[in-house]
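Grab a pencil and work through a few short exercises on binding sites. Each one comes with a worked solution.

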Amino acid sequence: MRVTLSVIKADIGSVGGHIKPSEKLLSRVREFVEEEGRKKGLIEDFYIFHTGDDVAILMSHKRGVANPDVHKLAWDAFRAGTEVAKSQGLYGAGQDLLKDAFSGNIRGMGPAVAEMEFEERPNEPFLFFAADKTEPGAFNLPLYLAFADPMYCSGLILSPSMANGFKFTIMDVNYTEGDRVIELNAPEELYDIAALLRDNERFVVEKIHSRRTGEIAVAASTTRLHNIAGKYVGKDDPVMLVRVQGDFPATGEVLSAFSIGHYVAGFMRGSHNGPLMPVKLNSTISFFDGPPIISCAAFCVHEGKLTEPVDCFDHPFWDYIRMRVSEKALELRRQGFSGPAMLHYSELEYGGIVEKMKKLEERFKVRG
Ligand code: F6R
Ligand code: MG
Ligand code: MG
């Protein structure tokens, strides 16, 4: 059967700062999707969890991508959750719901969306990634390494089904008039792909397809909240779906690039660089409102029904990685505001510094 996987996620309020949603909020969202979605046959199955302060709804259904009813279900579930957030005095209640009325597609309304439709293989494993305190470009390097670099993905050398490589669809997320995208093929156009993906703020992997079969492998969210709201309203914490095994990289090949703990934008006030830490499902946020975190749940889907999730970063190996990433975080934090510790002026998420710079500009004098 043809199945659609839709992930829709939003920050609709959290306990004690930007740490985690309350249990009551999560229960409400779960109950809403169960009653209004699964029981009514709109969706086949769903799974809900949080990464830091973001709530993600993973849904399987038969309605294709960008389905207005499925998007509305998620939107209404987040609104129901927001009511709970308000009733409990949670911080940032409804923060990512940037529009008042639903208009058919949740894209451009605040929540992040990643969706893919495909013909189910007889066995269909996939990974669901969710990050907090960072931006969509955080996935650029891991996706490049997993789908285009045999140093990380040995399947590119060993598996005949991957020998033709993958097609990357990359979006210019600074362009706001519409979706500005380019398609590039690995391995022939590797240097062009790298030239774009080094720029995490602007160029973001939206999709990856197998070149042998044309099948979709990756769908990632590309939302820039700043571009929707015109001001800082929170970081664009991304989500993505990755099909694995067979014609695609193995689960472990996709996970391997996350052992780097590469530096990404985000962290405190969405205005710093910090290493991306792989964490267990339902982890919270702590040191310097971070560090930026990434969680991964592995599933299989059959006739639209999801198995239970496996927590990919809940393994002794990743405890060691977390220690190393903590060291990387501390090392960069030691230099506070200086140089690469903080983002470039144009990427700072708070307007206060703009006002400050305006005042200081007036006081500059040019010596004769
Ligand atoms: C980063 C983030 C937090 C907040 C910080 C200040 O994405 O959510 O680091 O920016 O806690 O929050 P406000 O401005 O809401 O007081
Ligand atoms: Mg938040
Ligand atoms: Mg968040």
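Here are some ground rules, then three exercises.

This is a predicted model, where local features need pLDDT of at least 70, side-chain atom pairs count only at pLDDT 80 or more, and totals for chains, interfaces and linings use all residues. Residues are numbered from 1 along each chain as its sequence is written, chains are lettered from A and ligands numbered from 1 in the order in which they are written, and side-chain values use heavy atoms, with hydrogens and water left out.

**Exercise 1.** Find the polar partners of ligand 1 (N or O pairs within 3.5 Å).

*Solution.* Start with Asp289: one of its polar side-chain atoms sits 2.5 Å from an oxygen of ligand 1. Next, Arg269 uses a backbone N or O atom, 2.8 Å from a ligand 1 oxygen. Then there's His18, with a side-chain N or O atom 3.2 Å from an oxygen of ligand 1.

**Exercise 2.** Name the protein donors of the magnesium ion (ligand 2).

*Solution.* Look for N, O and S atoms within 2.8 Å of the metal (3.2 Å for Na, K and Ca); water is not among the atoms, so sites may look incomplete. You get Asp11 (OD), His18 (ND1) and Asp53 (OD), at 2.0 to 2.5 Å. Their sequence spacing reads D-x6-H-x34-D.

**Exercise 3.** Which residue coordinates both magnesium ions, ligand 2 and ligand 3? Is that residue buried or exposed?

*Solution.* First, the two ions are 4.0 Å apart, and Asp53 coordinates both. Second, Asp53 is buried, as is Asp11; buried means under 20% relative accessible area, with a 1.4 Å probe and protein chains only.

Conventions. Polar contact = N/O pair within 3.5 Å; in protein donor to acceptor, adjacent residues only side chain to side chain. Buried < 20%, exposed > 50% of the residue type's maximum accessible area, 1.4 Å probe, protein only.
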